[in-house]
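Colleague: Please take a close look at one part of this model, the second chain, and go from its overall organisation to its surface and its charged pairs. A brief comparison with charged pairs elsewhere would also be welcome.

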Amino acid sequence: MKRYSVRALVASAVGILILSACGGGEPAPSAFPGMLVDGRSGYLADNIYVYKFDVQTALQDWQFPTAVDNANPRGPFSGVPVKFGDVIVVGGSSGVNGAYDKHVYGLSDQSGQEVWRFTPPGNAGREFVAGVVTDGKLIYAPNGDGNLYAIDPAQIENGQPKVVWTFTTGNRLWGRPLLAGGKLYQGALDHKLYAIDAATGKELWRFDKASAPIAAQPAIADGVLYFGAFDSNFYAVNAGDGSLKWKTPVDGWIWTDATLSNGAAYFGDVHGKLYALDMATGKIQWTYETRDSIKAQPVISGSTLYVVSVDTNVYAFDLNNIRKDAAGKVDYNNTKWRNETLARRLVSTPVVVGDTLLVPIFDGDIKVWALDANTGARKYQFPLPPPATATPAK
Amino acid sequence: MGNIFDILVVNPMTNVLLLIYDVLFHNYVLAIIVLTIIIRLATLPLTLKQQVSSLKMAAMQPQIKAIQEKYKNDPQKLSEEMRKVGFNPLGGCLPLLIQFPILIGLYNAILRTLAVTPISLLELGKHIYGFLPNLSSLVPVNSTFLGVLDLGQPDKLFIIPILVIATTYFSTKLTTPPSTDATSKQTNQMMSMMMPVMFGFFMLSAPAGLGVYWIVSNLIGIGQYYLMKPRLDLAKAEHAAAAAGNALPTSVSTPAKPKAKLPPPRSKVKPSSSARVAKPGSDNK
């Protein structure tokens, strides 16, 4: 063999080794972490692991999987975990290189061990980005293949829950359905919102007035659905028949689930603008500009509204004391408090537990920051920092 | 810095790619092909300049080697002599440096518009121009090709990785200037084998859409090479002639072969500025 061929072979091997090394370790996160808090237990679906931890002590109970298994890769995980009896249900999401985990996992609340795993029939299906919802009997799992699967964990067939029905849309389902009054309201990337009978999977009506994807979970109040779309409109639609009540144009795509409170709908857009809209008329009451996209749902506790932004900051507003100008704009400094120290992108909905605000972190070694809900000061982090090692005296 | 690159390069390309996709019947492969052609044509003068410069450097190699040998103990004189013969090792780099961000931008625009992950879809939303109506309605782009290939996923049939390897091999082989120096020759041969393997390996886990871009880009590169070949051959002949002519006044023992291989008589060679630059005694100081 010629000398150059040997060199080329060695160089190729080194190149491939370097490329392989790039894929090792924890990959960059590609989907949005989701967190559920149930009593003292916090459940976090974050990148390639699902964690259970104590929200008061930040001590970890378990993680799934216990270690990365390259032969049987799982995750990334995203969406808010759901509790189904003593099983924690999470969905596998979409990875950075286009690969995806097309399973819904049922994990033991006690141990974190896999109890069952759902794979769409025929080994089809794609990513479960948004997590699932449940009415305690069935689990409704929206998939990237455009199907909403209703599965019954009480009926295990061939090691996985039986599919009760499948509802097919025209494109990816990257938002969670809303389950209310025996109906499911599912937005799809095919630009439509579907109302589906939760028992049978039959379509009741569809809303097709949006001109771009709908990835937000609708919110409902007094028979009206409220949701935003990528066509930069916020919609109010009658839940009974899908007729449009009003729509309000905003500056950018809306991917946040709206929060409804005291006659107002709160949501953000991809340009980082937070909106408060009158639920009756759709009129914008006030706006506030963060410095990057708002993806996470705003959260209200008492009279305080909490919003996290991709700009790495957490914002708190006193809803009883919103100081806006004549144009309805709230100045950047007119917040109750701001925490600008977390230094990581924030894309997931925080959870208020007592006087603590738990904020999932999108990337980095710290998975959750616990802040004082009244002041924004840091309280603790999950996982806890490693114990400081004593420096030997010289 | 990342933001500036986004604003100046990636964002315009992202929006143009979506516009082309809209015009071309929502066919994403066609959109990638058309945008790649537009960009390769726009950077054609730079490509040509870079290839001519590379050829010039390759033709001058024996002469340069001789000068380096003669003045190895006198760095100042060495640099003077090198300058005299028109040696500029960075001559071919500047056009390449300008092209590189454009290609990286196109790569990012494709990755962004494919929006295979939630985070990339969120990023896409931030960068779609609001003043261009209806672009948001194109999302998500139809990423299936011929009903078989999902451009947002790695190609499980390995057709794309194989085509990437083949086209990268031929493209590298054709566009690498011939070298008279044994070491450079070995390096070039090594590169022409290593690059395709590395890109092919990368494509095993990358979205197939990126592979389509890479294949199209390589094919255009190969096409450009054949279209520019007469001009490159002419430049090569001029540089070889100039290099051979240059060797005499320096009194350096130039290997006989390049001299014997002198291209067409000078009278037949159309004078060009690059040839004049390399000529000794000219104003190139």
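Modeller: Among contacts in chain B between residues at least 6 apart in sequence, 76% join residues at least 24 apart. This is a predicted model, and each statement here should be read as a description of that prediction. The chain holds 12 helices and 2 strands. Along the sequence, their order is α-α-α-α-α-α-α-β-β-α-α-α-α-α, so seven helices precede the two strands and five follow them. Of the 285 residues in chain B, 46% are buried. The accessible surface of the chain comes to about 14,700 Å², and carbon and sulfur atoms account for 68% of that surface.

One part of this surface deserves attention. Leu146(B), Val148(B), Leu157(B), Ile159(B) and Leu163(B) together make a nonpolar patch of about 530 Å². Within this group, Val148(B) sits in the loop between strand 1 (144-145) and strand 2 (149-150) of chain B. Val148(B) has a relative accessible area of 61% and therefore counts as exposed, the cut-off being over 50%.

Two other members of the patch, Ile159(B) and Leu163(B), fall within the range of helix 8 of chain B, residues 159-175. At 1.5 Å a residue, the 17 residues of this helix should span 24 Å, and the C-alpha atoms at its ends are indeed 24 Å apart. Helix 8 also has a buried set, made up of Ile160(B), Pro161(B), Val164(B), Thr167(B), Thr168(B), Ser171(B) and Thr172(B). Those residues lie on the same side of helix 8 because they cover an arc of only 135° around its axis.

Turning to charged pairs, side chains of opposite charge can pair when their charged atoms come close. In chain B, Glu69(B) forms a salt bridge with Lys72(B), with the closest N and O atoms 3.2 Å apart. Lys72(B) is exposed, at a relative accessible area of 53%.

Over all chains, the count of salt bridges is 19. In chain A, Arg74(A) pairs with Glu114(A), the closest N and O atoms being 3.5 Å apart. Arg74(A) lies in the loop between strand 4 (60-64) and strand 5 (77-84) of chain A, and Glu114(A) lies in strand 8 (residues 114-118), so this salt bridge ties together parts that are 40 residues apart in sequence. Arg74(A) is partly exposed at 22% relative accessible area, and Glu114(A) is partly exposed at 28%. By contrast, Glu127(A) and Arg126(A) are both buried; their salt bridge has its closest N and O atoms 3.2 Å apart.

Conventions. Residues are numbered from 1 along each chain as its sequence is written. Chains are lettered from A and ligands numbered from 1 in the order in which they are written. This is a predicted model: local features need pLDDT of at least 70, side-chain atom pairs count only at pLDDT 80 or more; totals for chains, interfaces and linings use all residues. Side-chain values use heavy atoms; hydrogens and water are left out. Helices (H or I, at least four residues) and strands (E, at least two) are DSSP runs, numbered from the N terminus. Buried means under 20% relative accessible area, exposed over 50%, partly exposed in between (1.4 Å probe, protein chains only). Contact means heavy atoms within 4.5 Å. Accessible areas come from the Shrake-Rupley method with a 1.4 Å probe; for residues, only the protein chains shown count as cover. Patches are made of residues with over 30% relative accessible area and no salt bridge: like charges are joined within 9 Å, nonpolar side chains (Val, Leu, Ile, Met, Phe, Trp, Tyr) within 5 Å. A salt bridge is a side-chain nitrogen of Lys or Arg within 4 Å of a carboxyl oxygen of Asp or Glu. The expected span of a helix is 1.5 Å times one less than its number of residues. The arc is that of the directions from the helix axis to the C-beta atoms.
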